[in-house]
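Let's take a walk through a protein model together. Keep the 3D view open and turn it as you read.

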Amino acid sequence: MDARNPETSDSGPRNAPAEAARGTARDAAHDTDVLVVGAGPTGLLLAGDLAEAGLDVTLLERRPGKISNLTRALVVHARTLEQLDARGLADELVAGGHPLASLRLFGGATVDASRLRSRFPFVLVTPQFEVERLLERRARRAGVAFRPESEVLGLDQDAGGMTVRFRTPEGLGSLRAAYTVGTDGVRSTIREAIGQPFPGKSVIRSLLLADVRLAREPESPFVVSAGGDAFALISSFGDGWYRVIGWSRDHQADDDAPAGLDEIRDITRRALGSDYGMHDARWISRFHSDERQAPQYRVGRVFLAGDAAHVHSPAGGQGMNTGLQDAANLSWKLAAVLRGHAPESLLDSYQTERHPVGRAVLRSSGALVRLALLPSVPGRVARALAASLLKHLRPLSGRAIRAISGLDIAYPAAPGAHRLAGHRAPDVRLADGSRLYEVLRQGRFVLITPADEPGSVLPADDRTVTVHWHGARRTAVLVRPDGYVAWATDATAPAERARALRTALAHWTGAEPGDGGPISTALTPPGHAADTPAGR
């Protein structure tokens with residue numbers, strides 16, 4: 001294998017539309033446009049997005065090129081399913097998983113997902129490797145160059161690009177790229193290479209994980225509870241195997257201490273009242289759970305996403321979901337910059353928008369796990385009270401499930417922006433019978449207008465898809481490729497409306513209506529202009 005030529009790797013057939021667009025971005029001095037390090041869910045989604053945008057993408061992975069079935073993530077939330085829907089993957093994932101109308105948290109506390117205003121009003125129980133399987137297939141079809149068994153040793157960056165050095169079984173190699181994204185997990189080599197600390201602490205020690213078979217099927221594909229001084233969770237993989245997670249206050253051992261099936265049986269009986277006849281463990285491991293976050297998600301030409309940027313307790317099942325949404329936020333921005341449609345300063349908004357989200361997830365998941373594991377009698381009373389409030393107060397339960405599902409995430413808009421700016425765009429029905437998230441599969445901005453909007457003010461370039469409302473709504477809305485509202489107006493005066501639309505299209509897509517030409521110099525960084533989101 002030629003270490004400096006990604007085309008010699010086994011990357012599968014090129015995607016024809018992406019291949020047609022390829023060559024418009026990559027500098028001749030670069031081996032690849034973007035180097036993604038880490039082939040977990042976050043890296044796979046990011047790489048696939050960039051390749052579908054016509055960029056040259058290489059993905060380095062330390063492990064052999066095989067998806068492991070020994071994974072920790074178990075649930076996919078509604079907002080992540082919407083992001084996968086915008087890539088044509090959600091329906092297949094849902095078909096192979098277990099949709100749950102409610103999610104049990106602790107002490108009998110449940111949150112009702114069936115009332116979510118989404119095409120996916122449920123929590124999907126499915127193992128991480130199923131998500132990876134779909135994302136890898138998409139990335140290979142789009143033309144991502146995969147390089148398994150490639151261990152990153154270091155990197156150097158300068159004004160014109162960056163060089164990443166790595167080791168493979170064949171020897172040492174290097175690749176030069178315009179940008180690198182570290183999606184290489186908690187022990188990120190990329191994070192260390194750019195000198196980013198990972199401040200935080202361990203919140204739970206001696207968690208046990210096991211994949212087992214059960215003699216008796218649990219009452220639900222996802223069972224979780226805390227009882228006495230023990231906590232346990234059982235989730236079905238759908239193929240006869242079950243993932244079990246257990247913790248006992250009475251046995252706090254180091255990660256490398258022996259772990260056996262008898263120990264996890266005992267924990268499960270204490271927390272759930274039964275071990276369901278578990279047997280034939282194919283894998284048992286002991287680990288600890290940290291709460292940590294990198295201060296900066298961007299250092300020069302290097303970005304961090306997923307567990308390389310933030311890690312938190314498993315409570316709420318938000319880890320993989322947060323990483324996938326990091327990737328969806330960053331991918332369209334990198335594509336816009338590399339294709340000359342936006343200034344490099346657009347990339348700063350990744351930190352502005354996603355770092356607060358990561359911080360919020362750390363806080364909420366940490367609060368859940370601390371509440372679930374309170375040892376004192378007053379603590380258990382507080383836990384029971386919280387569970388009762390969640391069960392009986394619908395507004396509180398609704399807020400909780402919207403936060404856990406990711407549907408309430410919004411990015412800040414500057415003063416004077418429309419009330420919709422920065423918020424998630426719902427999957428509205430359009431005049432031709434299609435849905436918004438079907439249109440977002442094209443990877444472009446989507447402008448939604450009334451059917452009688454004058455054609456002279458509509459975009460004539462290939463950066464925006466124009467569609468029309470189903471119904472009489474008059475608001476014009478510009479939706480970002482990641483499904484968040486970039487801009488909107490309720491103006492009715494023709495001249496005012498046309499001027500606002502031209503300004504918005506120039507700012508967000510770098511082209512004016514009717515001319516299709518680049519006007520990137522008119523763009524300003526998000527957060528500095530009236531209709532620009534940066535972190536609500």
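In which strand is histidine 310 found? Histidine 310 sits in strand β19, which covers residues 310–311. Keep in mind as you look that this is a predicted model. Now, is histidine 310 buried or exposed? Its relative accessible area is 1%, and the cut-off for buried is under 20%, so histidine 310 counts as buried. You can see who surrounds it, too: setting aside neighbours within four places in sequence, histidine 310 is in contact with Phe198, Arg292, Gln293, Tyr297, Thr322, Gly323, Asp326 and Leu362. One of these deserves a second look, since the side chain of histidine 310 makes a polar contact with the side chain of aspartate 326, at 2.6 Å.

Next, look for a couple of backbone oddities. Tyrosine 276 isn't a glycine, yet it has a positive phi of about 55 degrees. You'll find tyrosine 276 in the loop between α7 (261–272) and β16 (279–293), and at 8% relative accessibility it counts as buried. Aspartate 280 isn't a glycine either, and it has a positive phi of about 50 degrees. This aspartate 280 lies in strand β16.

Now swing over to helix α3, residues 78–85. How many of the eight residues of helix α3 are buried? The count is eight of the eight, so the helix is largely enclosed by the rest of the structure. Among those buried residues are charged-looking names you may recognise, including Arg79, Glu82 and Asp85.

Time for a sheet. Four strands form an open sheet in the order β21-β20-β22-β23, with mixed pairing. At its edges stand β21 (464–468) and β23 (485–489); each has a single partner strand, so one side of each is left without a neighbour in the sheet. From one strand to the next, the twist averages 15 degrees. Zoom in on β22 (residues 476–479) and you'll see that it pairs with β23 in the antiparallel sense, over four bridges. Within that pairing, valine 479 has valine 485 of β23 as its bridge partner. Helix α13 (residues 494–509) lies across β20 (445–449), β21, β22 and β23, and it runs at about 170 degrees to β23.

Last stop: salt bridges. Side chains of opposite charge can pair when their charged atoms come close. The count in this model comes to 39 salt bridges. Start with aspartate 262 and arginine 265, whose side chains meet at 2.9 Å, N to O. They are three residues apart in helix α7, which means about one helical turn separates them. Aspartate 262 is exposed, with a relative accessible area of 56%, while arginine 265 is partly exposed at 23%.

What does glutamate 453 form with arginine 497? It's a salt bridge, with the closest N and O atoms 2.9 Å apart. Glutamate 453 lies in the loop between β20 and β21 and arginine 497 in helix α13, so the pair ties together parts that are 44 residues apart in sequence. Both glutamate 453 and arginine 497 are buried.

Finally, find aspartate 427 and arginine 435, whose side chains meet in a salt bridge at 2.4 Å, N to O. Arginine 435 is buried, at 8% relative accessibility. These two belong to a network of salt bridges that links Asp85, Asp91, Arg119, Asp427, Arg435, Glu438 and Arg441. You've met Asp85 before: it is one of the buried residues of α3.

Key:
Residues numbered from 1 in each chain as written. Predicted model: local features only at pLDDT ≥ 70, side-chain atom pairs only at ≥ 80, totals over all residues. Heavy atoms only, no water. Helix = DSSP H or I, 4+ residues; strand = E, 2+ residues; numbered from the N terminus. Buried < 20%, exposed > 50% of the residue type's maximum accessible area, 1.4 Å probe, protein only. Polar contact = N/O pair within 3.5 Å; in protein donor to acceptor, adjacent residues only side chain to side chain. Contact = heavy atoms within 4.5 Å. Pairing = 2+ DSSP bridges. Axes fitted to C-alpha atoms, helices over the stretch in contact; angles between N-to-C directions. Salt bridge = Lys/Arg side-chain N within 4 Å of Asp/Glu carboxyl O.
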